[in-house]
Amino acid sequence: QLQCLDCKIKRRNFVATVFTLPFLPTEATIAFEGGVGGLGKTKPETGILFQEGSAPIQNREGIVEAEILSNKGNPIIVRFRSPYPLLSSTTGLESRDLQKLESAFVQVIDGVPPNPSKKLLFSLLSDNILGSKGKFGAYGTPTDIKFRETDLPNVFKVTFTAYTPSMRESDRTVLLNCKLVDEDDTLVVLITGTTNARFKSEAKTLFTIAESFIAVDAPKTSLGRKKKKIKLSEDEEF
């Protein structure tokens, strides 16, 4: 079984750490937000809605921190470390290397059914992240999609072929780190990746970004929360 909130620190310590870190906001990078490499014709639907009055920040160590809302309006704290600058956006949470092809962004998927099969989980990820409304589907639904498990809990490696604005094929590899929050029916996913040609040289950095990802329910009346697992029912290999 896959552990969703697999961070080893206790929630009380995590929350205390989050709000005492020396966050020094960096100058946000402005870029268009759609499609492969951010060049899509429309902004992708990533499910990101920021808590009223808050904005994502990135400190000098590259730690990105934000408070977002689930579809039910419940606050969720997300955090990851990225060497790429945070993009200025009110509808997305992304850091990207504008000089190269690497990026990391967050996607929120609501309405996850209890105990999804592996096939259903991969279908949800594919429809929301790789579909026509997702960041990689602005110029056509990606093809040749393959999901593989990695040695990291809840981290999947996905390869696919997307399309650029000029309708050229772009073979890409991304890592997905999935966290189940908000009474276990909201999936918060960090996606980080690059082209197939660059993945081998950037793999260490991308795996480090994926492993750093944390998503937890923001405290309401209690700071305590037990670790949750994504329970996958047995099915055929996807």
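Let's start with a helix and its surroundings: the buried residues of helix H2 pack against strand S6 (103-110), strand S7 (143-149), S8, strand S9 (169-181) and strand S10 (186-195). Those buried residues are Leu-121, Phe-122, Leu-124, Leu-125, Ser-126 and Ile-129. The helix itself has 12 residues, and the distance from its first C-alpha to its last is 16 Å, close to the 16 Å expected at 1.5 Å a residue. Keep in mind as you explore that this is a predicted model.

Now step back and look at the whole protein. You can find 3 helices and 12 strands in it. Of its 238 residues, 52% are buried. Among the contacts with a separation of 6 or more, 60% are between residues 24 or more positions apart.

The strands that H2 packs against bring us to a sheet. Here 6 strands form an open sheet, and their order is S5-S6-S10-S9-S8-S7, with antiparallel pairing. Strand S5 (94-96) and S7 are found at the edges, and each has a single partner strand, so one side of each is left without a neighbour in the sheet. On average, neighbouring strands of this sheet are turned by 25° against each other, if direction is ignored. What holds such strands together? Strands of a sheet pair through backbone hydrogen bonds, and the pairing can be parallel or antiparallel.

Let's zoom in on one pairing. S7 and S8 are joined in the antiparallel sense over 5 bridges. If you pick Thr-143, its bridge partner in S8 is Thr-161. Two residues in this part of the chain deserve a closer look at their backbone. Asp-144, placed in strand S7, has a positive phi of about 55° although it is not a glycine. Asn-154, placed in the loop between S7 and S8, has a positive phi of about 65°, and it is not a glycine either. Is each of them buried or exposed? Asp-144 is exposed, with a relative accessible area of 53%, whereas Asn-154 counts as buried at 1% relative accessibility.

At the edge strand S5 you will find Arg-96. This arginine is buried, with a relative accessible area of 5%. Arg-96 and Pro-85 are 11 residues apart in sequence, and their C-alpha atoms are 5.8 Å apart in space.

Next, let's turn to the aromatic rings. How many aromatic pairs does a search of the whole structure find? The search finds 4. One of them is formed by Phe-122 and Phe-156, an edge-to-face pair with 5.0 Å centre to centre and 85° between the planes. Phe-122 lies in helix H2 (residues 118-129) and Phe-156 in strand S8 (residues 155-163), so the pair ties together parts that are 34 residues apart in sequence. Both Phe-122 and Phe-156 are buried. Elsewhere, ring pairs link Phe-105, Phe-136 and Phe-160 into a cluster. A charged neighbour joins the scene here: Lys-135 lies over the face of Phe-105, at 5.2 Å from the ring centre.

There is another sheet to visit. In this open sheet, 4 strands follow the order S2-S3-S4-S11, and the pairing is antiparallel. Strand S2 (57-58) and strand S11 (214-217) stand at its edges with a single partner strand each, so one side of each is left without a neighbour in the sheet. S11 pairs with strand S4 (residues 75-81) in the antiparallel sense over 4 bridges. Within this pairing, Val-216 in S11 is the bridge partner of Ile-77. Helix H3 (residues 196-212) packs on this sheet and touches S4 and S11, its direction making about 155° with that of S4.

Strand S11 also shows a pattern that is worth tracing by eye. In a regular strand, the side chains alternate between the two faces of the sheet. Ile-214 and Val-216 point one way from S11, while Ala-215 and Asp-217 point the other way, and all are buried.

Finally, follow helix H3 back to the strands from the beginning of our tour. H3 lies across S6, S8, S9 and S10, and runs at about 145° to S10. That helix also touches S4 and S11, so you can end the walk by tracing H3 from the strands of one sheet to those of the other.

Methods: Residues are numbered from 1 along each chain as its sequence is written. This is a predicted model: local features need pLDDT of at least 70, side-chain atom pairs count only at pLDDT 80 or more; totals for chains, interfaces and linings use all residues. Side-chain values use heavy atoms; hydrogens and water are left out. Two strands pair if DSSP finds at least two bridges between them. Helices (H or I, at least four residues) and strands (E, at least two) are DSSP runs, numbered from the N terminus. Contact means heavy atoms within 4.5 Å. Axes are lines fitted to C-alpha atoms, for helices over the stretch in contact, and angles run from 0 to 180 degrees between N-to-C directions. Rings of Phe, Tyr and Trp (its six-membered ring) pair if their centres lie within 6.5 Å; planes under 30 degrees apart count as stacked, over 60 as edge-to-face and the rest as tilted. Buried means under 20% relative accessible area, exposed over 50%, partly exposed in between (1.4 Å probe, protein chains only). A charge sits over a ring if NZ of Lys or CZ of Arg is within 6 Å of the ring centre and within 35 degrees of the ring normal. The expected span of a helix is 1.5 Å times one less than its number of residues.
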